[in-house]
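Here is a short report on one protein chain. The sequence and the model come first, and the description follows.

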Amino acid sequence: MAERNEQLERLAYEYQLLQAQAQLLAQNLELLTLGRNEFQVVKETLEELKKVEDEKPEILVPIGAGSFLRGMIVDKNNAIVSVGSGYAIEKSLDDAIAYLEARIKEYDEAIRKTQEGLQRLEGQLQELAQKAQKLQQEAAMGFSLKK
């Protein structure tokens, strides 16, 4: 009986560790999805800008708290895109869109790998829960047989 209790405690400890890992992966997945969606919106915005016929189209510039200023795009043929680590470079709209597509693909791959890891952990959690349930059933059957 003491051995079963030790096994149950070990299983509970492993379960808690895996659950914490799964929670971290789920949070990471959420952040990756948010980042990917942000790149997607920027890409779609640039694609729509290419369709605008005005040479200097008017836009609304967000200044925070749901407030905007009217602005004008001075150069609608180029965009300044972040390349990481606080650096940004000017690219043609087509190059900027291609760059954003590549980044979106990187996010998609990271999301896929994170989802696979999360599924693996969920499988391990289910397996541990089944082992614990089996041990508890064996313990319950052992008590009922000793009557």
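## The β1–β2 hairpin

Strands β1 and β2 run antiparallel, and six bridges join them. β2 covers residues 67–72. One of the pairs sets E58 against M72 of β2. This is a predicted model.

The hairpin of β1 and β2 has two residues between its strands. A65 in this hairpin takes a positive phi near 55°. β1 has little cover. Of its seven residues, the count that are buried is zero.

## Overall architecture

What is the order of helices and strands along the chain? The pattern reads α-β-β-β-β-α. That comes to two helices and four strands. The radius of gyration is 27 Å, well over the 15 Å that the globule rule gives for 147 residues, so the chain is more spread out than a compact globule.

The box tells of the chain's extent along its principal axes. The C-alpha atoms fill roughly 90 × 30 × 25 Å. Burial is given for the whole chain too: 24% of the 147 residues count as buried. Contacts with a separation of 6 or more were also sorted by distance along the sequence. Residues 24 or more positions apart account for 55% of them.

## The largest pocket

The largest pocket holds about 520 Å³ of space. It is lined by 22 residues, and the closest to its centre are V42, T45, L46, L49 and A79.

Which elements each supply at least two residues of the lining? They are α1, β1 (58–64), β3 (78–84) and α2 (93–145). α1 gives the most, with seven residues. By residue class, the lining divides into 15 nonpolar, three polar and four charged.

## K43 in helix α1

K43 lies in helix α1, which spans residues 2–51. Is K43 buried or exposed? K43 counts as buried because its relative accessibility is 12%, and the cut-off for buried is under 20%.

The contacts of K43 reach to other parts of the sequence. Leaving aside neighbours within four places, K43 is in contact with I97, L100, E101 and I104. These four residues fall in the range of α2, residues 93–145.

## V83 in strand β3

V83 sits in strand β3. Its relative accessible area is 33%, so V83 is partly exposed. Not counting residues up to four places away in sequence, V83 touches A88, I89 and Y99.

A C-alpha distance adds to the picture. V83 and R103 are 20 residues apart in sequence and 9.8 Å apart in space.

## R120 in helix α2

R120 belongs to helix α2. What is its relative accessible area? The value is 56%, so R120 is exposed; the cut-off for exposed is over 50%.

R120 can also be placed against E6. The two residues are 114 positions apart in sequence. Their C-alpha atoms are 25 Å apart in space.

## In brief

The chain has two helices and four strands, and its radius of gyration is 27 Å. β1 and β2 are joined by six bridges, and the count of buried residues in β1 is zero. The largest pocket takes seven lining residues from α1. Among the single residues, K43 is buried, V83 is partly exposed and R120 is exposed.

Notes: Residues are numbered from 1 along each chain as its sequence is written. This is a predicted model: local features need pLDDT of at least 70, side-chain atom pairs count only at pLDDT 80 or more; totals for chains, interfaces and linings use all residues. Side-chain values use heavy atoms; hydrogens and water are left out. Buried means under 20% relative accessible area, exposed over 50%, partly exposed in between (1.4 Å probe, protein chains only). Contact means heavy atoms within 4.5 Å. On a 1 Å grid over the protein atoms alone, a cavity is a set of points where a 1.4 Å probe fits but cannot get out, and a pocket is an open set with protein on both sides within 12 Å along at least five of seven lines; lining residues have an atom within 4 Å of a point. Grid points are joined across faces, edges and corners, and a volume is the space filled by probe spheres set on the points. Ala, Val, Leu, Ile, Met, Phe, Trp, Tyr, Cys and Pro count as nonpolar, Asp, Glu, Lys and Arg as charged, and the others, Gly among them, as polar. Two strands pair if DSSP finds at least two bridges between them. The radius of gyration is taken over C-alpha atoms; the globule rule is 2.2 Å times the number of residues to the power 0.38.
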